[in-house]
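Hello,

Here is the structure I promised to pass on. Please have a look at it first, and then read my notes underneath.

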Amino acid sequence: MMYRATLFVSCFFVAANSSADVIHEPLWVENLSPMALLVALPSQRSADIREGLSVTLHSDIATHFVSQSRSDESVFFDGETQRHSMAIRWGFSSAWEASAVIPITKHSGGFTDGYVNRWHDFFGMPDGGRSGVPEDQLRYQFDSPELQNGLVASSSGLADVTFELAYVSERQRDLQIAYAVGYKASTGDDSDWTGSGSSDLYGVARFSGAHRSNLPLYWHGQLGVTKVGDSPLLGPNKEDWILFGGLSAEWRFNDRWALIGQIDSHSALLDSSLDALGKPAGMLSLGLRRQLGDRWAVDISFAEDIVVESAPDIIFQASIHYRP
């Protein structure tokens with residue numbers, strides 16, 4: 001993990017020649033809450049398609065603390081998720097693209113609890129009881145009359161791999177519109193929470209564009225729906241259909257630097273009285289992008305749960321992009 005962090009930080013501050021061919025992409029943001037990450041809820045991406053091979057390497061560190069109990073249901077998530085993913089996109093024409101996302105997921109007690117507790121203390125923010133339990137422990141537990149699932153031992157491995165086929169239906173100078181269908185294969189292991197134990201399908205519409213003035217503003221958005229497969233971890237009260245969407249805005253300071261703000265959301269995972277699982281989720285992200293030459297860029301960002309306890313307390317994120 002440390003060599004990855006060193007690589008990202010080093011690349012982020014490497015000097016590079018500026019180029020007019022700038023990479024415009026939303027931030028890679030996924031809800032890494034232990035049960036949400038089991039569902040095919042794809043991150044935002046540009047609607048534009050380029051012929052040839054594009055690759056993105058992405059890493060997340062997400063810290064969790066949720067403790068809720070309602071009637072005969074309870075959920076307790078305390079731990080850390082690290083997720084390292086590679087996205088491969090192949091534009092085999094100017095309008096069609098096939099892609100795959102290959103993730104490795106690790107659940108553990110982690111090392112970030114002390115930093116998050118000090119952050120809450122410094123700003124006088126409520127912590128939902130986080131400071132009252134031992135730091136850096138792992139315990140995921142969900143109990144209902146129909147289901148009892150838990151994880152207390154660290155685990156890691158290949159998670160569920162996603163495949164996608166996308167088509168650009170509109171390509172103008174300031175606007176691109178694309179439609180995509182995706183399939184999440186059951187390649188992870190539901191016994192260690194790296195996979196759901198089932199496959200999912202989704203359809204999504206994506207939009208990308210530029211502000212029609214002299215403002216250096218670029219935007220992206222997506223709206224989609226996922227058909228959720230039967231999962232032993234989600235249980236019989238899972239929602240069969242989950243809506244998801246997001247908006248991203250990119251402000252370019254110059255050819256090298258950009259500030260990106262983003263909102264991502266999805267509907268409830270379960271038919272549940274628990275807010276963390278039975279209500280819509282929302283995340284707000286903020287990041288910086290450094291352009292490295294004409295084909296490379298690096299992002300450093302973080303995401304917060306603006307709908308409290310519907311997503312990790314905070315996710316630290318980094319990405320390296322290559323575009324032809």
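Below are my notes on the salt bridges, the largest pocket and one glycine.

This is a predicted model, in which local features need pLDDT of at least 70 and side-chain atom pairs count only at pLDDT 80 or more, while totals for chains, interfaces and linings use all residues. Residues are numbered from 1 along each chain as its sequence is written, and side-chain values use heavy atoms, with hydrogens and water left out.

Salt bridges first. The structure has 17 of them, counting a side-chain nitrogen of Lys or Arg within 4 Å of a carboxyl oxygen of Asp or Glu. In one of these, Arg289 meets Asp299, with the closest N and O atoms 2.6 Å apart. Arg289 belongs to strand E13 (residues 281-292) and Asp299 to strand E14 (residues 296-305), so the pair ties together parts that are 10 residues apart in sequence. (Strands, E, at least two residues, and helices, H or I, at least four, are DSSP runs numbered from the N terminus.) Arg289 is buried at 0% relative accessible area, and Asp299 is buried at 1%. Here buried means under 20% relative accessible area, exposed over 50%, and partly exposed in between, with a 1.4 Å probe and protein chains only.

Arg252 and Glu250 also form a salt bridge, at 2.7 Å from N to O, and both residues are buried. Asp275 and Arg70 pair at 3.7 Å, N to O. Asp275 sits in helix H3 (residues 275-278) and Arg70 in strand E1 (residues 52-70), so this pair ties together parts 205 residues apart in sequence. Asp275 is partly exposed at 28%, as is Arg70 at 34%. There is also a salt-bridge network that links Glu25, Arg45, Arg89, Glu97, Glu164, Arg206 and Arg323.

Now the largest pocket (on a 1 Å grid over the protein atoms alone, an open set of points where a 1.4 Å probe fits, with protein on both sides within 12 Å along at least five of seven lines; lining residues have an atom within 4 Å of a point). Its lining has 30 residues, and Val22, His24, Asp48, Gln176 and Tyr218 lie nearest the centre. Strands E9 (200-210) and E10 (217-227) each supply at least two lining residues.

Lastly, Gly221 is in strand E10 and is buried, at 4% relative accessibility. Its contacts (heavy atoms within 4.5 Å) include Gln44, Phe207 and Leu247, leaving aside residues up to four places away in sequence.

Best wishes
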